[in-house]
Amino acid sequence: MPLHLIDQYSPGSCRINRDILQNHGLRLLEILHCADQVFSIVLIDDQAMADFNHHYRHKKGPTNVLSFPAREGEEQFPGLESELGDILISVDTAIQEAGQANTSAHRRITELIIHGLLHLLGYDHERSEEEARVMREREKELLQQLLTKHLSSGRRTMPHLAINVDHVATVRQARGITEPDPVLAAGICELAGAEGIVVHLREDRRHMQDRDVRILRQTIKTKLNLEMAAVKEIINIALDIKPDMITLVPEKRKELTTEGGLDVIGNEKKLKKTIGKMRKASIPVSIFIDPDAAQIEAAADIGATFVELHTGRYCDATSQKERDMEFRLIEQSAELAFESGLRVNAGHGLDYLTTARVAALPTIEELSIGHAIISRAVLVGLDQAVREMIAIVKGA
Ligand code: PXP
């Protein structure tokens, strides 16, 4: 392995996803045409960094990054021909700097890896103003190249449209009879081109019934995404019918629809246990969360495969300014989640006007849309309503 990532940072104080940093380090070697070289990244805390800073630079206190090249000028240490050297990073300082720059800890650590790698390759910002400028420019370039490479490797196609057919069941339940049948509706959605069907089996069974989910499991040709609360009864149903994935959502008896994202931080233990059970049954788990950095990091930390970003506040915005602000939050969150190694879906409240902008985000894999499509279907028919939304999602 051309990169040794040594994590000496005490766990618990911050969630650092080693895989992301490892991937970034390896990609940087490729971009720099150094894939045959080896280097190490050592993650430490401020105390350890202060000791190194004092020992090697006679400076007081911690710094963010220190590099130790294996080569000094023309001199190569014997036996270390393929070695670039070691980079020490203080995670404490990186987190602090990330907060000040309003960016993620992973992004800041990646910037420090770039800085350290350039030092290992002979760049220096202390020798002269000109060299400092060249190094800064190269840092910017590398970060851009890394993120472009990262993003382009993430999504190969347009996002998928998964249709939530709960509202068909809502109409049926209003009469307490057998029609309209959400199972038939799901079939029409698939025939019109939907790439997934979503149903929410609520504890109060206000719309979807157990029978619907069981038949859908047998009839759906695309992908069944079961939305559910992390409660024993529904977990057992999911383990029994084995949907293609589940999406964990918060559930309140009195709400008209899901009102907000799950509080992953406050429910970490319960959610982690549910993810563990689903993992054993090979069912990927998505968590429906607000576009919030702390919730994203918590979702990555407990082993979710996906997050579904709540688009409700963006859709409900009452001014363009507010909508733009909410959109930026979704955009940044999608990027952060993607960088954290999560797959990213989005949904709630999306309609024929608000969907295009979210669908254009390069990190979004799937959109989950229900109400807007079923409402339009009442007027123009389900087939047409689905086809019109697919055209928007695919940017046609
Ligand atoms: N995603 C989640 C987690 C939901 O709970 C819902 C609503 O059931 C949706 C997406 C779809 O929202 P809408 O019906 O507003 O399109």
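**Exercise 1. Work out how exposed Glu137 is, then find its salt-bridge partner.**

Solution. Start with the number: Glu137 has 37% relative accessibility, so it counts as partly exposed. A quick reminder before going on: this is a predicted model. Next, look for the partner. The side chain of Glu137 meets that of Lys140 in a salt bridge, 3.8 Å from N to O. That just makes the cut, because a salt bridge needs the nitrogen within 4 Å of a carboxyl oxygen. Now check the spacing: the two sit 3 residues apart in helix α5 (residues 129–154), which means about one helical turn separates them. Finally, Lys140 is exposed, with a relative accessible area of 58%.

**Exercise 2. Find how Arg387 and Asp383 are placed in their helix, and what joins their side chains.**

Solution. Both residues lie in helix α16 (residues 382–393), and they are 4 residues apart, about one turn of the helix. Their side chains meet in a salt bridge of 2.8 Å, N to O. As for cover, Arg387 is partly exposed at 43% relative accessible area, and Asp383 is partly exposed at 33%. To put this pair in context, a search of the whole structure turns up 23 salt bridges. Among the residues involved in salt bridges, Arg172, Asp181, Arg211 and Asp212 are linked in a network.

**Exercise 3. Take strand β8 and decide whether its residues are buried or exposed, then name the strands it pairs with.**

Solution. Count first: 5 of the 5 residues in β8 (residues 196–200) are buried. Then sort the side chains by direction. In a regular strand they alternate between the two faces of the sheet. Here Gly196, Val198 and His200 point one way, while Ile197 and Val199 point the other way, and all are buried. Now for the neighbours. Strand β7 (residues 160–164) pairs with β8 in the parallel sense over 3 bridges, and Ala162 stands opposite Gly196. Strand β9 (residues 224–228) also runs parallel to β8, joined by 4 bridges, with Val199 opposite Leu226.

**Exercise 4. Classify the ring pair Tyr56 and Phe68, and say which parts of the chain the pair ties together.**

Solution. The structure holds 3 aromatic pairs. In the Tyr56–Phe68 pair, the centres are 4.9 Å apart and the planes make 65°, which is edge-to-face. Tyr56 belongs to helix α2 (residues 46–57) and Phe68 to strand β3 (residues 65–69), so the pair ties together parts 12 residues apart in sequence. Both rings are partly exposed: Tyr56 has a relative accessible area of 48% and Phe68 has 24%. Add Phe52, and ring pairs link Phe52, Tyr56 and Phe68 into a cluster.

**Exercise 5. Classify the pair Tyr314 and Phe327, then find the charged end that sits over the ring of Phe327.**

Solution. The ring centres of Tyr314 and Phe327 are 5.8 Å apart and the planes stand at 50°, so this pair is tilted. Tyr314 lies in helix α12 (residues 312–316) and Phe327 in helix α13 (residues 320–339), so parts 13 residues apart in sequence are tied together. Tyr314 and Phe327 are both buried. The charge comes from Arg357: its charged end sits over the Phe327 ring, 4.2 Å from the centre. For another case to try on screen, go to Tyr352, where the charged end of Arg376 sits over the ring at 5.0 Å from its centre.

Key
Residues are numbered from 1 along each chain as its sequence is written. This is a predicted model: local features need pLDDT of at least 70, side-chain atom pairs count only at pLDDT 80 or more; totals for chains, interfaces and linings use all residues. Side-chain values use heavy atoms; hydrogens and water are left out. Rings of Phe, Tyr and Trp (its six-membered ring) pair if their centres lie within 6.5 Å; planes under 30 degrees apart count as stacked, over 60 as edge-to-face and the rest as tilted. Buried means under 20% relative accessible area, exposed over 50%, partly exposed in between (1.4 Å probe, protein chains only). A charge sits over a ring if NZ of Lys or CZ of Arg is within 6 Å of the ring centre and within 35 degrees of the ring normal. Two strands pair if DSSP finds at least two bridges between them.
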